[in-house]
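Got the viewer open? Grab the selection tool and let's take a short walk through the fold.

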Amino acid sequence: MKIEHIALYVQDLEGAKDFFMRFFAAVPSALYHNHKTSFKSYFLSFEDGARLEIMTSEDLSVRPVSDRHNGFIHLCFSLGCKEAVDAKTGEFRQAGFAVLSGPRTTGDGYYESVIEGFEGNLIELTV
């Protein structure tokens, strides 16, 4: 069994698409738009076959950003080596995104950093 895709609601669908294309080389599907419900989405495909569905709707509500609530907390991207984590963290920092932790080796042995990404969604970068 494998996870087919993960879905993420966003306020700015085009901005989210551009974010994942810029920083993670995501390849977007054609825009899906249900005119009856105002729902719009893209499926973003990544090099290893993983997919992320980004979605929006006119009646979308916003919940406060926190890393201490139930539900999904972050998206984690494995970059292959420490040097790639360092470089990608620097790329995010230079683009003005907050680096919340790292790069560092965690107590459980992961080399990682955590970025406050597009619309406050947390992005973890690891080896």
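Which strand is the place of Leu-52? Select residues 51-56: that's β5, and Leu-52 sits in it. Keep in mind as you click around that this is a predicted model.

Now colour Leu-52 by accessibility. Its relative accessibility is 4%, so Leu-52 counts as buried, the cut-off being under 20%. To see what is packed around Leu-52, leave out the neighbours within four places in sequence and show its contacts: Ile-6, Leu-8, Phe-20, Tyr-42, Phe-43, Leu-44, Phe-46 and Leu-75. Then draw a C-alpha to C-alpha distance from Leu-52 to Ala-7: you should get 5.7 Å, although 45 residues separate the two in sequence.

Next stop: helix α2. Select residues 82-94, 13 residues in total, and check the span from the first C-alpha to the last: 18 Å, close to the 18 Å expected at 1.5 Å a residue.

Which residues of α2 are buried? Show side chains for Val-85, Lys-88, Thr-89 and Phe-92. They lie on the same side of α2, because the arc they cover around the axis is only 105 degrees. The general rule is handy here: an α-helix has 3.6 residues a turn, so residues three or four places apart point the same way.

Add the surroundings now. Among the elements covering the buried residues of α2 are α1 (13-24), β7 (98-105), β8 (111-116) and β9 (122-126). Spin the view to the face of α2 turned away from its buried side, and you'll find Glu-83, Ala-87 and Gln-94 exposed there.

Last click: Gly-96, just after α2, where phi is positive at about 95 degrees.

Methods
Residues are numbered from 1 along each chain as its sequence is written. This is a predicted model: local features need pLDDT of at least 70, side-chain atom pairs count only at pLDDT 80 or more; totals for chains, interfaces and linings use all residues. Side-chain values use heavy atoms; hydrogens and water are left out. Helices (H or I, at least four residues) and strands (E, at least two) are DSSP runs, numbered from the N terminus. The expected span of a helix is 1.5 Å times one less than its number of residues. Buried means under 20% relative accessible area, exposed over 50%, partly exposed in between (1.4 Å probe, protein chains only). The arc is that of the directions from the helix axis to the C-beta atoms. Contact means heavy atoms within 4.5 Å.
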